[in-house]
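Here are my notes for you, written as a set of numbered points. Have the structure open while you read, and find each piece as it comes up.

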Amino acid sequence: MTKQMFRTVSSVLAMSVSVLAGQALAKSDITIAMQLEPPHLDPTSAAAQAIDSVVYTNVFEGLTRFMGDGSVVPGLAEMWEISDDGTVYTFTLRDGVTFHDGTTMDAEDVKFSLDRATAEDSANAQKALFAGIETVEVVDPLTVKVTLSEPNGSFLFNMAWGDAVIVAPESIDGIKTNPVGTGAFAFGEWVQGDSITLNRNPNYWGNEPALETATFKFISDPTAAFAAMMAEDVDAFDNFPAPENLPQFEADPRFKVLVGSTEGETILSTNNKQPPFDDIRVRQALAHAIDRQAIIDGAMFGYGTPIGSHFAPHNPAYVDLTGNSAYDLEKAKALLAEAGFADGFETTLHLPPPSYARRGGEIIAAQLAEIGITAEIINVEWAQWLESVFNGKDFGLTIVSHTEPMDIGIYARPEYYFQYESTDFQTLMATLNSTTAPEERAKILGEAQRLIANDYVNGYLFQLAKLGVAKAGVQGLWENAPTAAIDLTAISWNE
Amino acid sequence: MLRYALKRLLSLILSLAVASVVIFAVIEIAPGDPASFMLGVNAQADTLAALRAELGLDVSKVQRYFNWVSGMLVGDFGTSYTYRTPVSQMIADRLWVSLPLALYALTLSTLIAFPAGIYAAARRGKPGDLAVMGATQLGVAVPNFWFAMMLVLIFAINLRWFNAGGFSGWDTGILAGLHSLTLPAIALALPQAAILARVMRSALLDILGEDFMRTARAKGLNPRQALWRHGVRNALIPVLTIIGLQFSFLLAGSIIIEQVFYLPGLGRLVFQAISARDLIVVESVVMLLVFAVITVNFLVDLAYAAVDPRLRSRT
């Protein structure tokens with residue numbers, strides 16, 4: 001009897017020792033929460049950022065890729081040569097790369113992927129990235145030659161987007177629910193409405209990641225997000241939806257807060273064709289009536305960097321133009337009077353769902369009231385915003401964060417929803433596209449920023465911050481978001 | 001009886017047909033194009049057209065309506081625009097969360113409401129009754145998402161007895177599944193229990209004044225025996241009606257609770273589908289819920305008629 005009991009006790013002890021030993025080993029799984037669930041998992045046929053968050057660099061890779069600091073480095077292309085006239089790119093692919101289903105990744109797959117994106121019936125949401133591609137030729141299994149109709153200084157940058165990842169003809173049919181890529185993680189399981197699991201790819205060509213499995217959980221409600229972090233149900237929250245809760249996480253030694261920058265220029269978008277906004281004096285008056293810091297403090301609880309043009313402050317080519325539209329009520333009133341609106345006027349302010357727009361909109365409406373402008377707030381859903389504001393151009397003002405990287409080129413499109421038409425700017429963009437030397441490009445980008453700031457096209461508010469929350473032991477999360485991505489290859493536990 | 005049943009069946013079919021037209025019309029009128037929602041702000045016109053064709057959005061609305069209805073008649077609810085999986089499968093997956101959650105909440109609410117209502121009725125006007133009535137007043141007044149947040153704060157964040165949300169899935173075991181549904185079920189059940197307890201109490205009080213109760217007492221039963229043998233049984237009729245209504249409410253109306261606890265249920269599916277303009281999903285789920293409610297009503301009608309012959313002759 002006593003012997004039996006001793007054996008039981010000792011086996012229990014042994015078990016608990018082994019459990020402890022297991023805990024001493026670094027954790028190799030992680031649960032990361034994000035607000036929105038991807039509609040499907042094909043990054044080449046939808047605009048939803050949630051798709052990229054899950055699959056970018058984890059499941060799918062492109063010829064080039066973004067790093068966490070925004071730089072573009074070789075991806076599946078080991079190196080490349082650019083012809084002297086800048087129109088022919090010859091990519092040398094990495095040898096021995098296989099897709100998760102075992103098929104080889106070679107030049108045929110690259111041709112397939114690029115042809116698919118440029119095809120007439122292509123469903124690529126960023127088809128413009130591929131616009132200059134004339135032909136894609138397979139030279140040999142590891143060499144592919146891309147010919148452009150004209151030089152394009154941002155071609156390698158474009159190829160780093162999630163919309164330009166390399167897919168295989170063998171697995172393309174199931175890509176939306178069973179994505180097969182070349183990345184360090186293979187698709188595991190998708191419990192729709194709940195979570196997606198990725199597992200480490202044992203045959204990955206690059207460095208073996210520290211994680212074995214990763215689970216993405218979808219928590220859209222800000223209160224639920226807070227509870228899930230606090231209860232330690234999730235290990236990290238990719239972009240935490242409630243900035244007001246961040247001080248609480250900062251004060252708690254169990255967590256850390258990662259404040260970085262996104263590519264999102266948050267602007268008071270203005271309908272340049274709708275009177276009275278077709279008058280530059282009115283637009284300038286708007287710009288001077290806006291107190292950016294009050295909006296950042298009030299709507300974003302202090303997170304966000306003021307901007308004075310449509311350009312990300314972390315970009316080396318950034319020029320600080322916030323002084324151009326400094327908060328100055330007297331000047332704003334004088335400008336309005338000069339334009340013939342001494343008593344102000346009425347307009348509409350369409351606000352999409354994100355809190356930067358809804359909260360920011362309330363503050364802006366109050367600020368505009370100071371100079372006599374009555375902005376009627378209209379809350380809309382995204383689908384409605386797309387239909388009436390973006391496609392229908394039926395709006396006066398709206399607040400939106402333009403989250404695509406390096407998207408100043410939208411000002412060269414007169415049909416774009418804020419309807420800015422400037423031949424000077426269009427020429428500038430054409431020059432930029434045909435320029436490849438980095439310092440030359442920076443100079444042109446600086447001019448472009450000044451031009452739209454001086455034309456007061458839109459009210460430039462702030463660069464949207466990326467607010468990550470994680471358990472203290474999680475290492476390697478991207479602080480900034482040069483593109484929507486949760487790069488699992490860099491993540492490890494330090495406990 | 002057969003004629004009555006046929007009549008009811010005809011009205012059921014008519015109701016469903018009318019409902020399908022209304023649902024389709026209302027949802028299609030809402031502004032927003034599913035294709036442009038999916039492709040975002042940089043989509044080109046030809047890309048949008050290609051996607052619209054792929055989704056079958058390029059045919060007329062009338063034809064889309066008939067495609068949808070004729071599909072449903074053979075059990076094909078179509079394919080989700082965004083998820084690209086069959087809607088019937090999505091609904092089935094989500095029902096595995098929403099249905100058990102609704103049943104769990106209903107069980108809890110009944111288990112709380114019955115004793116509370118009977119206790120209060122038996123002690124009418126006494127402190128016990130007042131306490132129960134006060135508590136139910138509070139339960140009716142406080143919204144369930146607030147209850148939900150309080151439950152999370154206490155039992156998930158502070159005590160760590162439960163997860164703050166999420167659903168572990170039934171394949172991890174029935175107990176684990178029930179465990180992850182417990183807080184949401186309580187949050188859903190409490191306000192319903194409060195309503196049910198009040199109904200139970202007032203139904204009982206009505207019954208207690210009836211002649212047959214006096215007869216029961218006269219036969220020598222003490223008040224408690226009379227209450228249990230004759231009172232409770234008769235009070236069950238209105239109570240069961242309320243429970244039936246509550247069940248359809250719990251199944252369809254747990255959208256907010258599913259958001260707070262991020263549960264992959266039917267409510268959350270509808271919520272996501274509406275914002276993504278996944279019209280076919282919204283239409284099919286709403287239609288299914290209407291079908292469920294109308295069918296339940298049909299069965300209840302038949303049951304009433306079986307019990308009460310007066311209903312048969314009247315219609």
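**Notes on the two-chain model**

1. Let's begin where the chains meet: chain A puts 42 residues into the contact, and chain B puts in 46 residues. Keep in mind throughout that this is a predicted model.

2. Which elements of chain A should you look for on the side that touches chain B? Strand 10 (213-218), helix 5 (222-230) and helix 11 (382-391) of chain A each bring at least two residues to that side. Helix 11 of chain A gives the most, with 8 residues. Sorted by class, the side of chain A that touches chain B holds 18 nonpolar, 12 polar and 12 charged residues.

3. Now zoom out to chain A as a whole. Its secondary structure adds up to 13 helices and 19 strands. Along the principal axes, the C-alpha atoms of chain A fill a box of roughly 100 × 60 × 35 Å. For 495 residues, a compact globule would have a radius of gyration near 23 Å, and the 25 Å of chain A agrees with that.

4. Two more figures for chain A. Buried residues make up 48% of its 495 residues. Of the contacts in chain A with a separation of 6 or more, 70% are between residues 24 or more positions apart.

5. Next, pick out one sheet in chain A. This open sheet has 4 strands in the order 4-5-7-6, with antiparallel pairing. Why do strand 4 (77-82) and strand 6 (133-140) of chain A each have one side without a neighbour in the sheet? They stand at the edges and have a single partner strand each, so nothing in the sheet sits on that other side. On average, neighbouring strands of this sheet are turned by 20° against each other, direction ignored.

6. Look closer at one pair. Strand 6 and strand 7 (residues 143-148) of chain A run antiparallel to each other over 6 bridges. To find one of these pairings, start at E137(A), whose bridge partner in strand 7 of chain A is K145(A). Helix 3 (residues 107-118) of chain A packs on the sheet and touches strand 5 (88-93), strand 6 and strand 7 of chain A. The direction of helix 3 makes about 170° with that of strand 6 of chain A.

7. Last stop, chain B. Helix 4 (residues 61-73) of chain B has 13 residues, which at 1.5 Å a residue should span 18 Å; its end C-alpha atoms are 18 Å apart, so the two agree. After helix 4 of chain B comes G75(B), with a positive phi near 85°.

Notes:
Residues are numbered from 1 along each chain as its sequence is written. Chains are lettered from A and ligands numbered from 1 in the order in which they are written. This is a predicted model: local features need pLDDT of at least 70, side-chain atom pairs count only at pLDDT 80 or more; totals for chains, interfaces and linings use all residues. Two residues are in contact if their C-beta atoms, placed from the backbone, lie within 7 Å. Ala, Val, Leu, Ile, Met, Phe, Trp, Tyr, Cys and Pro count as nonpolar, Asp, Glu, Lys and Arg as charged, and the others, Gly among them, as polar. Two strands pair if DSSP finds at least two bridges between them. Axes are lines fitted to C-alpha atoms, for helices over the stretch in contact, and angles run from 0 to 180 degrees between N-to-C directions. The radius of gyration is taken over C-alpha atoms; the globule rule is 2.2 Å times the number of residues to the power 0.38. A residue is buried if 20 or more other C-beta atoms lie within 10 Å of its own, exposed if 12 or fewer, and partly exposed in between; C-beta atoms are placed from the backbone. The expected span of a helix is 1.5 Å times one less than its number of residues.
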